[in-house]
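Reader: I have a structure to go through with you. Please put it up, and I will ask as we go.

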Amino acid sequence: MKLTIVYDNDVYTPKSNLKPDWGFSCLIETNQKTVLFDTGAKGAILLHNMNQLGIDPGKIDTIIISHEHWDHKGGLQALAGHVTKCDLYELTDECPFSSLHLHHPKKPVCITEKIWTTGRIEGVMDEQSLILQGEKGWCVLVGCSHPGVETILHAAAQRGDITGLVGGLHGFNNFSLLEPLAYVCPCHCTRYKKKIEKLYPATYLLGGVGRVINI
Ligand SMILES: [Zn+2]
Ligand SMILES: [Zn+2]
């Protein structure tokens, strides 16, 4: 399974034409599905970065929005014009785009046998995360982690042992939670990226637009 970060506050390869911007989006490619987790803030930047990375937005068949903040959902409108017959999993029950088929379940959803949502997790801001089965174990993909990393990891652990964590870790400072993980890629709104890198240099992965993680 291949993860590509397409929208982030930073760029992974500085000398590229990729654009950084506040927000987050990550593409997940498997043999069966092409899933986009979050859409960043601005559609033009999302589509620009996809183009630069050789990603055809028309191939996306599933979109998951982690939560209702603009920096995760803002690119949806522009993207809706490029997809056909695409499923949208969101925490709201409104979808103004005819190309998207809305689902808003509260419980965990199986997208494929290797891709699950956590379902709605309540918090300061309700959020859903993705749980992805890689070769070595389950990876948790998060938007901002508003309900708390510990709560999200606990919910995700119902699928099996969690070996990786990728995404925005807003307000996160309970660093020992990362100890058992084989890799962690803190992105977007994570305040303590440097601290996490210092504490876990062997398992830390630098994020940013253009970063590819094969799990
Ligand atoms: Zn955010
Ligand atoms: Zn947020």
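Reader: How far is the sulfur of Cys 110 from the closest cysteine sulfur, and which residue holds that sulfur?

Author: A word first: this is a predicted model. A disulfide needs two cysteine sulfur atoms within 2.5 Å. Cys 110 is too far from any partner for a bond, because its closest cysteine sulfur is 17 Å away, in Cys 139.

Reader: What is the closest cysteine sulfur to that of Cys 139, and how far away is it?

Author: Cys 139 is buried, with a relative accessible area of 0%. Cys 110, in contrast, is partly exposed at 38%. The gap from Cys 139 is again too far for a bond: its closest cysteine sulfur is in Cys 26, at 8.2 Å.

Reader: How many disulfides does a search of the whole structure find?

Author: Cys 110 is too far from its closest cysteine sulfur for a bond. Cys 139 is too far from its own as well. The search of the whole structure gives a count of zero.

Reader: Which residues coordinate the zinc ion (ligand 2)?

Author: The spacing of the donors along the chain is H-x1-H-x74-C-x1-H. Their distances to the zinc ion (ligand 2) are 2.1 to 2.7 Å. The donors are His 67 (NE2), His 69 (ND1), Cys 144 (SG) and His 146 (NE2).

Reader: Is the arrangement of donors around the zinc ion (ligand 2) tetrahedral or irregular?

Author: For tetrahedral, all angles must lie between 85 and 135 degrees. The four donor atoms of the zinc ion (ligand 2) subtend angles of 91 to 171 degrees. The upper value breaks the tetrahedral limit, and the arrangement counts as irregular.

Reader: Is His 69 buried or partly exposed?

Author: Compare it with two other donors of the zinc ion (ligand 2). His 67 is buried, with a relative accessible area of 0%. His 146 also counts as buried, at 16%. The cut-off for buried is under 20%. His 69 has 28% relative accessibility, so it is partly exposed.

Reader: Where does His 146 lie, and which residues is it in contact with beyond its neighbours within four places in sequence?

Author: His 146 lies in the loop between E10 and H4. Two of its contacts, His 67 and His 69, are fellow donors of the zinc ion (ligand 2). The full set is His 67, His 69, Val 124, Met 125, Glu 127 and His 170.

Reader: Which residues coordinate the zinc ion (ligand 1)?

Author: Here the donor spacing reads D-H-x71-C-x43-H. The angles among the four donor atoms run from 85 to 162 degrees, and the site is irregular. Distances are 2.1 to 2.4 Å, and the donors are Asp 71 (OD), His 72 (NE2), Cys 144 (SG) and His 188 (NE2).

Reader: Which residue coordinates both zinc ions?

Author: The zinc ion (ligand 1) and the zinc ion (ligand 2) are 3.5 Å apart, with Cys 144 coordinating both. Distant parts of the chain are linked here: Asp 71 sits in helix H2 (residues 70-73), and Cys 144 lies 73 residues away in the loop between E10 and H4. Asp 71 and Cys 144 are buried. The bridging residue is Cys 144.

Reader: Why do the buried residues of H4 line one face, and within what arc do they fall?

Author: The buried residues of helix H4 (residues 149-156) are Val 149, Ile 152, Leu 153 and Ala 156. They line one face because, seen down the helix axis, they fall within an arc of 95 degrees.

Reader: Which exposed residues does the face of H4 turned away from its buried side carry?

Author: The buried side is covered by elements that include strand E9 (130-133), strand E10 (138-142) and strand E11 (162-168). The face turned away from it carries exposed residues: Glu 150 and His 154.

Reader: How far apart in space are Glu 122 and Thr 151, C-alpha to C-alpha?

Author: Glu 122 lies in the loop between strand E8 (115-117) and E9. Glu 122 is exposed, with a relative accessible area of 63%. Thr 151 is 29 residues from Glu 122 in sequence, yet the C-alpha separation is 9.3 Å.

Reader: What is the radius of gyration of the protein chain?

Author: The chain has five helices and 13 strands. The globule rule gives 17 Å for 215 residues, and the chain comes close to that, so it is as compact as a globular protein of that length. Its radius of gyration is 16 Å.

Reader: What share of the residues of the protein chain count as buried?

Author: The C-alpha trace spans about 45 × 40 × 35 Å along its principal axes. Of the 215 residues, the buried share is 54%.

Key: Residues are numbered from 1 along each chain as its sequence is written. Chains are lettered from A and ligands numbered from 1 in the order in which they are written. This is a predicted model: local features need pLDDT of at least 70, side-chain atom pairs count only at pLDDT 80 or more; totals for chains, interfaces and linings use all residues. Side-chain values use heavy atoms; hydrogens and water are left out. Buried means under 20% relative accessible area, exposed over 50%, partly exposed in between (1.4 Å probe, protein chains only). Helices (H or I, at least four residues) and strands (E, at least two) are DSSP runs, numbered from the N terminus. The arc is that of the directions from the helix axis to the C-beta atoms. Contact means heavy atoms within 4.5 Å. Donors are N, O and S atoms within 2.8 Å of the metal (3.2 Å for Na, K and Ca); water is not among the atoms, so sites may look incomplete. Four donors count as tetrahedral if all angles lie between 85 and 135 degrees; four count as square planar and six as octahedral if opposite donors are over 155 degrees apart and all others between 65 and 115; anything else is irregular. The radius of gyration is taken over C-alpha atoms; the globule rule is 2.2 Å times the number of residues to the power 0.38.
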